[in-house]
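Hi there,

Here is the structure I promised to pass along. Have a look at it first, and then read on for what turned up when I went through it.

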Amino acid sequence: MSTSTDAGGRSMSTFAELHGRTPEGEWAAPGRVNLIGEHTDYNLGFVLPIALPQTVRVQAARRTDGLLRLWSAQGGGPVTELRVAELAPGAVPGWAGYPAGVVWALRDAGHPVGGADIRLDSDVPGGAGLSSSAALECAVAAAYDDLYRLGLPAPELALLAQRAENAFVGVPCGIMDQMASMCCRPGAALFLDSRDLATRHVPFDLAGAGLALLVLDTRVKHDLGDGAYAALRAGCEKAAALLGLPALRSLDAAGLPAALAQLPDDLRPLVRHVVTENARVEAAVAALDAGDLAALGPVLTAGHASLRDDYRVSCPETDLAVEAALAAGAHGARMTGGGFGGSVIALVDATAADRVVAAVTAAFRAAGHAEPRTLTAVPAEGARRLA
Ligand code: ADP
Ligand code: MG
């Protein structure tokens with residue numbers, strides 16, 4: 001098979017080189033950043049993400065022999081060949097588990113899907129808390145929905161993509177990432193109620209307000225993340241059970257003091273974070289609705305303090321990026337994503353963006369950390385067909 005390489009020496013096989021035919025179409029699904037509402041989705045609360053311009057793209061064509069042939073420019077290695085009929089949780093190691101999991105979830109839900117030839121490419125930074133995994137799942141879900149003429153609503157596809165990650169890959173994520181990747185719109189944040197998947201697109205015109213949203217990828221991922229996520233989730237479920245609630249979502253700020261008094265010491269900070277974080281999402285939506293985007297800043301910063309002090313999922317690198325951004329004049333900043341590394345967002349005057357990036361970079365250098373990778377987030381479109 002002949003292959004070409006890009007400027008970085010990366011293998012760039014075309015669909016025809018990989019699969020010996022032309023694709024039936026091409027689809028894209030974006031990564032996301034969450035403005036506010038962290039660790040609330042699995043507590044059935046509120047979140048407020050935006051989609052990024054960065055996407056996973058999938059070229060695909062159906063097969064009639066039940067084979068699923070997968071290749072990714074970022075995956076490394078040759079085409080992975082699987083039998084759709086034999087897909088089972090835990091059976092597909094590595095990155096191919098994400099796209100294969102989507103096909104499994106569709107089939108397991110009773111949808112009439114067969115095999116496909118697939119080529120993936122992406123510019124969503126992986127492992128940076130920007131949800132390249134959901135972008136990958138949602139791109140494949142959108143492709144299958146079209147190719148096999150399923151006509152499923154976007155929230156249904158998001159749930160199937162989440163099931164792929166939870167049950168097939170084995171990552172216990174909430175529903176935010178997949179809903180953001182499927183449903184976001186340009187120029188808006190997605191106000192999502194994780195309990196019933198109700199959504200509202202809240203206008204978020206950063207440029208019109210003279211603002212910019214920086215994403216500072218710390219490029220660190222601390223190992224304790226995976227086990228800690230599951231433990232935090234279990235702690236929230238235990239607290240809800242002790243309080244006799246279906247989920248912590250059912251508790252509001254007014255009921256918080258009485259609820260805290262009933263809980264053991266170790267669960268109190270978790271509950272306090274979830275309840276105050278839901279209130280922060282509502283405050284952020286109110287600021288956006290009022291067209292007062294700068295008022296979002298203090299809400300972000302308060303969210304970071306809660307994640308650092310109560311939920312305890314920040315780390316020295318994310319704390320430093322937040323502090324340096326605020327010291328350089330950001331309206332607000334916080335870690336985004338699950339924590340233990342990943343990215344920080346900073347809301348800044350557009351004219352101050354370069355200064356804030358320089359200040360965070362200098363602070364990282366002084367502390368002996370690798371330089372953060374920076375991108376400017378523009379609220380972009382959710383999953384869609386490109387060709
Ligand atoms: P995040 O979703 O925050 O980027 P995750 O650890 O949840 O981080 O997901 C990253 C994983 O998703 C990668 O290790 C890889 O297995 C898979 N992945 C994401 N994008 C791609 C891609 N373009 N090609 C192959 N695998 C990908
Ligand atoms: Mg992910």
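**What I found**

Let me begin with R69, which sits in strand β4. This is a predicted model, so please read everything below as describing a prediction. R69 counts as buried because its relative accessibility is 15%, and the cut-off for buried is under 20%. Its side chain has two polar partners to look up: the side chain of H19, at 3.5 Å, and the side chain of D117, at 3.3 Å.

Strand β4 also brings us to the ligand. The strand covers residues 67–72, and S72 is part of it. S72 is buried too, with a relative accessible area of 8%. A polar atom of the S72 side chain lies 3.0 Å from the backbone nitrogen of Q74, and a polar side-chain atom of S72 is 2.6 Å from a nitrogen atom of ligand 1.

**Around ligand 1**

Which residues come closest to ligand 1? There are 13 residues around the ligand, and the closest of them are S72, Q74, G127, S132 and S133. Besides the S72 contact, two others are worth displaying on your screen. Q74 has a side-chain N or O atom 3.0 Å from a nitrogen atom of ligand 1. S133 places a polar side-chain atom 3.0 Å from an oxygen atom of the ligand. On its own, ligand 1 would expose 570 Å², and the protein buries 74% of that area.

If you would like to find the site by eye, look for the largest pocket, which is the space that ligand 1 takes up. Helix α3, residues 132–147, gives the largest share of the shell around the ligand, with 3 residues. What kinds of residue make up that shell? It divides into 9 polar and 4 nonpolar residues, with no charged ones.

**Two backbone angles to look at**

Most residues other than glycine have a negative phi. Two residues here go the other way, and they sit in loops. H39 is one of them: its phi is positive, near 60°, and it is not a glycine. You will find H39 in the loop that runs between β1 (25–34) and β2 (46–47). With a relative accessibility of 4%, H39 counts as buried.

R149 also has a positive phi, about 50°, although it is not a glycine. R149 belongs to the loop between α3 and α4 (154–169). Is R149 buried or exposed? It is exposed, because its relative accessible area is 65% and the cut-off for exposed is over 50%.

**Some other places to visit**

The remaining notes take you to other parts of the chain, in case you want to click through them.

- F204 is in the loop between β8 (198–203) and β9 (211–221). It counts as buried, with 1% relative accessibility. Its C-alpha atom is 12 Å from that of L347, and the two residues are 143 residues apart along the chain.
- D310 is in helix α9, which spans residues 296–311. D310 is buried, at a relative accessible area of 15%. The C-alpha atoms of D310 and R272 are separated by 7.2 Å, with their positions 38 residues apart along the chain.
- G329 lies in the loop that links α10 (316–327) and β10 (332–336). At 42% relative accessibility, G329 counts as partly exposed. Its C-alpha atom is 7.2 Å from that of V356, a residue 27 residues away along the chain.
- S250 is in the loop between α6 (225–242) and α7 (256–261). It is partly exposed, with a relative accessible area of 35%. Between the C-alpha atoms of S250 and L136 there are 32 Å, and the two residues are 114 residues apart along the chain.

If you only have a few minutes, I would start with ligand 1 and the contacts from S72, Q74 and S133. After that, turn to R69 and its polar contacts with H19 and D117.

Happy browsing, and best wishes

Conventions
Residues numbered from 1 in each chain as written. Chains lettered and ligands numbered in written order. Predicted model: local features only at pLDDT ≥ 70, side-chain atom pairs only at ≥ 80, totals over all residues. Heavy atoms only, no water. Near = heavy atom within 4 Å. Polar contact = N/O pair within 3.5 Å; in protein donor to acceptor, adjacent residues only side chain to side chain. Areas by Shrake-Rupley, 256 points an atom, 1.4 Å probe, with all protein chains shown as cover. 1 Å grid on protein atoms, 1.4 Å probe; cavity = no way out; pocket = protein on both sides within 12 Å on 5 of 7 lines; lining within 4 Å. Sits in = over half its atoms within 2 Å of the grid points. Helix = DSSP H or I, 4+ residues; strand = E, 2+ residues; numbered from the N terminus. Nonpolar A, V, L, I, M, F, W, Y, C, P; charged D, E, K, R; others polar. Buried < 20%, exposed > 50% of the residue type's maximum accessible area, 1.4 Å probe, protein only.
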